[in-house]
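Me: I have a model open on my screen and would like to understand the labels attached to it. Could you walk me through the reasoning behind them?

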Amino acid sequence: MTHAMLKGSNVPLDAATVRAVLRWTPGQGVPDVDASALLLGSDGRVRSDEDFVFYNQPRHPTGKVWRLGKKRVADGLTDTIQTDLAGLEQGVGRVLLVASADGLPFDRVPGLGIVLYDAAVADGEPLARFDIKPETGAETAMICGELYRRGEAWKFRALGEGYSNGLKGLATDFGISVDESEPEERAVPEAASQPLPAEQPTYGYPQGGGQPSYGYPQPVPVPAALDPDFRLPPQGPQFVGR
């Protein structure tokens, strides 16, 4: 059964690995939207800049949280974060699921929502669904929800909390070091507003080790130093207009 979430509500998760699918409706004047994740310790902050999974750093070094990339679906566009809850280090108590708009406020993003799936079940019914309504409309980054520990179990809480100073402001609040001196280098050159092939990922990892459910490519466990597409800036993640 799919749980229709209200802001502030929570639901237990039995799945060992969850896929959080951020959805929105593209169109004229609608900004590009990106999904990202922050892994937080017991103090509510990241342990290092490596705990920030986003477009320039799409995979956590442990391989337990990664960004699958964008897809066109029947009712819009999606960007997806997958989390191996069973494999996360004990030092990680929460995983924030974040949406950021490309320099424009979320009042220009229709149909924003997040849907959770059990990643092990192909074509399974969603575990939870949360339709996100920005409080002011001026937000340029949103904490959609969080995955959090309760004893040995995990839960999902619907949040919908916004930031008007973008992904940079949100990340800084949770301990990410932001270098203001250098411009952001997006890992993906093409905007999602360009035509996308139906049901094909546009920014994911190369395929390997079989095809998982929902048509996403399987991430390849390549060490960061050997992966030409993996870039961790020497002074922390970079931003422009976020």
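Reply: Happy to; we can take the labels one at a time, keeping in mind that this is a predicted model.

Me: Let's start with the overall layout. What makes up the secondary structure of the protein?

Reply: The protein has one helix and 12 strands. Read from the N terminus, the order is β-β-β-β-β-β-β-β-β-β-β-β-α. Of its 242 residues, 51% count as buried.

Me: Why is the pair Phe52 and Phe54 called stacked?

Reply: Two values settle that. Rings pair if their centres lie within 6.5 Å, and planes under 30 degrees apart count as stacked. The ring centres of Phe52 and Phe54 are 4.4 Å apart with the planes at 0°, so both conditions are met and the pair is stacked. The whole structure holds two aromatic pairs, and Phe52, Phe54 and Tyr55 form one aromatic cluster.

Me: Are Phe52 and Phe54 buried or exposed, and how do you know?

Reply: The cut-off for buried is under 20% relative accessible area. Phe52 has 0%, so Phe52 is buried. Phe54 comes to 1%, so Phe54 counts as buried too.

Me: What makes you say that the charged end of Arg157 sits over the ring of Tyr148?

Reply: The distance limit is 6 Å from the ring centre, with a further limit of 35 degrees from the ring normal. The charged end of Arg157 is 4.1 Å from the centre of the Tyr148 ring, and it is classed as sitting over that ring.

Me: Which residues of helix 1 are buried, and what do the buried residues pack against?

Reply: Helix 1 covers residues 166–173, and Gly166, Leu167, Gly169, Leu170 and Ala171 are buried there. Their packing partners are strand 4, strand 5 (52–53), strand 8, strand 11 (141–150) and strand 12 (153–163). After helix 1 comes Gly175, which has a positive phi near 100°.

Me: How many cavities of 30 Å³ or more does the search find, and which residues line the largest cavity?

Reply: The search of the whole structure finds one. The largest cavity holds about 40 Å³ of space, which meets the cut-off of 30 Å³ or more. Its lining is made of Ala20, Leu22, Ala35, Ser36, Asp79, Ile81, Leu97, Val98 and Ile114. Strand 3 (17–24), strand 4 (33–40), strand 7 (76–84) and strand 8 (94–101) each give two or more residues to that lining.

Me: What is the class make-up of the lining of the largest cavity?

Reply: The lining has seven nonpolar, one polar and one charged residues. Ser is in the polar class and Asp in the charged class, and Ser36 and Asp79 are both among the lining residues.

Notes:
Residues numbered from 1 in each chain as written. Predicted model: local features only at pLDDT ≥ 70, side-chain atom pairs only at ≥ 80, totals over all residues. Heavy atoms only, no water. 1 Å grid on protein atoms, 1.4 Å probe; cavity = no way out; pocket = protein on both sides within 12 Å on 5 of 7 lines; lining within 4 Å. Points joined across faces, edges and corners; volume = space filled by probe spheres on them. Helix = DSSP H or I, 4+ residues; strand = E, 2+ residues; numbered from the N terminus. Phe/Tyr/Trp six-rings, centres within 6.5 Å; stacked < 30°, edge-to-face > 60°. Buried < 20%, exposed > 50% of the residue type's maximum accessible area, 1.4 Å probe, protein only. Contact = heavy atoms within 4.5 Å.
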